[in-house]
Amino acid sequence: MTDIFEPATLGPITLRNRVIKAATFEGRTPDALVTDDLIEFHREIAAGGVGMTTVAYCAVAPGGRTDRHQLWMRPEAVAGLRALTDRVHAEGAAASAQIGHAGPVANAASNRAPALAPSRMFSPLGMRPMRVPGEAEIAEVVAAHAEAARLAEQAGFDAVEIHFGHNYLVSSFLSPLLNRRTDRYGGSAENRARLAREVAAAVRAAVGGRLAVTAKLNMEDGVRGGLTVPESLQVAAWLEDDGTLDALELTAGSSLLNPMLLFHGDAPRREFAKVLPGPARWGFRMVGRAFLKEYPYQEAYLLERARQFRRELSMPLVLLGGITNLDTMRAARAEGFEFVAMGRALLREPDLLHRIRSDAAVRSVCVHCNRCMPTIYTRTRCVYRPERPDPRVASSTESTGSENP
């Protein structure tokens with residue numbers, strides 16, 4: 001226990017312990033800007049004892065959001081983000097901004113901006129073809145990541161996490177299934193990794209040495225023809241050799257093709273069918289069972305894949321997936337992982353870390369039903385936890401004198 005809860009170095013910063021709140025889209029930015037609700041979400045997580053909480057998802061461009069309600073990094077967002085980081089710091093935790101471009105996972109219809117994909121694809125979300133960026137537009141995306149990192153620094157963040165997972169834009173370039181380009185960004189593994197390396201280098205140049213720079217990297221996509229563990233290992237080795245990252249957080253799965261590989265546990269098909277927008281809902285009813293596969297839950301369910309990265313790499317690694325109790329954290333440390341990341345367990349119990357520190361026998365009460373997943377379309381939460389009133393509703397009621405029906 002002592003090692004888990006002692007301060008630990010991550011690049012140029014020191015965290016009060018080795019537990020990071022993983023990035024999970026909060027669903028609390030209806031106008032693409034920080035709200036009091038988002039601030040309170042992360043303040044509560046910070047007060048619960050984590051070393052660092054991750055704000056997700058901070059898109060680097062308006063077209064890089066999964067829908068128009070997500071925050072995107074621009075000067076107008078800095079004041080709200082500064083208020084958020086101030087509250088997190090007041091609780092003793094550090095704050096990380098997850099930055100990235102959703103690429104083929106973006107909803108072009110909602111964003112009113114073209115979705116980008118490495119090769120020709122049809123978007124089931126936007127119901128239109130995606131745009132294939134040329135090298136000039138790719139350079140703009142790289143520069144947008146650097147600018148987002150600079151804005152994160154202005155907003156008081158201690159770290160930035162670059163999204164290289166789940167078939168978002170950079171991840172889709174890594175995938176041989178999705179990337180069928182014939183230019184410098186397609187074909188060989190080295191070419192497909194070029195965008196990831198350029199983005200990491202640009203972010204490092206923008207804030208490295210002052211902010212910690214990490215990346216969430218897919219170990220595999222979990223679909224036939226997608227990125228595999230051996231290919232991802234090579235990408236990770238290149239990133240390590242480049243010296244652009246302070247740590248890698250290891251993940252898996254595809255938001256486009258196999259999201260449950262990341263989550264494990266029950267597949268909430270019925271709940272998803274209720275909340276998806278019209279066209280997506282119709283399609284989901286036809287392919288929902290194949291899309292939301294079921295993987296039995298077990299503690300540290302990504303560990304077997306992650307071990308291969310730990311054997312091959314010397315850089316700090318963050319173990320994600322099924323981290324809910326002290327025994328699992330200790331096991332991760334024994335395997336050589338410098339940090340662990342928690343997601344769903346903290347949605348259920350934001351103060352779980354304090355409880356574990358007080359009693360090593362404490363176990364998370366999360367039942368891995370994954371019914372929190374569809375709540376991203378409204379307001380991300382555990383459905384078994386009593387919901388606090390949405391501050392937007394409360395303030396509206398106070399100003400009008402009316403009750404929310």
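A300 is found in the loop between α11 (278-291) and α12 (303-312). In this predicted model, the phi angle of A300 is near 50 degrees, a positive value in a residue other than glycine. Is A300 buried or exposed? A300 counts as buried because its relative accessibility is 12%, and the cut-off for that label is under 20%.

N370 has a positive phi as well, near 65 degrees, and is likewise a residue other than glycine. N370 sits in the loop between α15 (352-358) and α16 (391-400). With a relative accessible area of 2%, N370 is buried.

N370 also leads to the cavities. How many cavities of 30 Å³ or more does a search of the whole structure find? The search finds three. The largest cavity holds about 100 Å³ of space. Its lining is made up of 13 residues, and N370 is among those that lie nearest the centre, together with C366, C369, C372 and C382. Sorted by class, the lining of the largest cavity has eight nonpolar, two polar and three charged residues.

The second largest cavity has a volume of about 60 Å³. Which residues line the second largest cavity? They are L10, I20, M52, T54, S96, E161, T214, A247, E249 and V318. Two strands, β4 (52-59) and β10 (247-251), each supply at least two residues of this lining. Five of the lining residues of the second largest cavity are nonpolar, three are polar and two are charged.

The nonpolar cores come next. The largest nonpolar core contains 96 residues, and V160, F164, L248 and M329 are those with the most contacts inside it. Helix α4 (residues 135-154) gives the most to this core, contributing nine residues. A second core, separate from that one, has 16 residues, including L15, A22, M52 and A94. M52 thus appears both in this second core and in the lining of the second largest cavity.

L248 shows what the contacts of one such core residue look like. Not counting residues up to four places away in sequence, L248 touches A215, L217, A236, L239, L313, M315, P316, L317 and V318. V318 in turn is one of the residues that line the second largest cavity.

V160, another of the core residues with the most contacts, can be approached through A97. A97 lies in strand β5 (residues 94-100). A97 is buried because its relative accessible area is 0%, where the label requires under 20%. In sequence A97 and V160 are 63 residues apart, yet in space their C-alpha atoms are 4.7 Å apart. Leaving aside its neighbours within four places in sequence, A97 is in contact with V55, C58, A152, F157, A159, V160 and E161. E161 is also part of the lining of the second largest cavity.

Strand β4, which helps to line the second largest cavity, includes Y57. The peptide bond from A56 to Y57 is cis, with omega near 15 degrees.

A record gives a broader frame for part of the chain. In UniProt, an unreviewed entry places the feature "domain: NADH:flavin oxidoreductase/NADH oxidase N-terminal" at residues 3-241. Over residues 3-241 the chain is 37% helix and 17% strand. The end C-alpha atoms of residues 3-241 are 28 Å apart.

Two further residues can be set side by side. S123 has its place in strand β6 (residues 122-123). At 1% relative accessibility, S123 counts as buried. Apart from residues up to four places away in sequence, S123 touches A106, R128 and M130.

G225 is found in the loop between β9 (212-218) and α8 (229-242). Why does G225 count as partly exposed? G225 counts as partly exposed because its relative accessibility is 41%, and that label covers values between the buried limit of 20% and the exposed limit of 50%. Not counting residues up to four places away in sequence, G225 touches P176 and L177. The C-alpha atoms of G225 and L178 are separated by 8.7 Å, although the two residues are 47 residues apart along the chain.

How values were computed
Residues numbered from 1 in each chain as written. Predicted model: local features only at pLDDT ≥ 70, side-chain atom pairs only at ≥ 80, totals over all residues. Heavy atoms only, no water. Core = buried A, V, L, I, M, F, W, Y, C linked by side-chain atoms within 4.5 Å. Buried < 20%, exposed > 50% of the residue type's maximum accessible area, 1.4 Å probe, protein only. Helix = DSSP H or I, 4+ residues; strand = E, 2+ residues; numbered from the N terminus. Contact = heavy atoms within 4.5 Å. 1 Å grid on protein atoms, 1.4 Å probe; cavity = no way out; pocket = protein on both sides within 12 Å on 5 of 7 lines; lining within 4 Å. Points joined across faces, edges and corners; volume = space filled by probe spheres on them. Nonpolar A, V, L, I, M, F, W, Y, C, P; charged D, E, K, R; others polar. UniProt positions renumbered as here; feature names shortened; annotations may be inferred.
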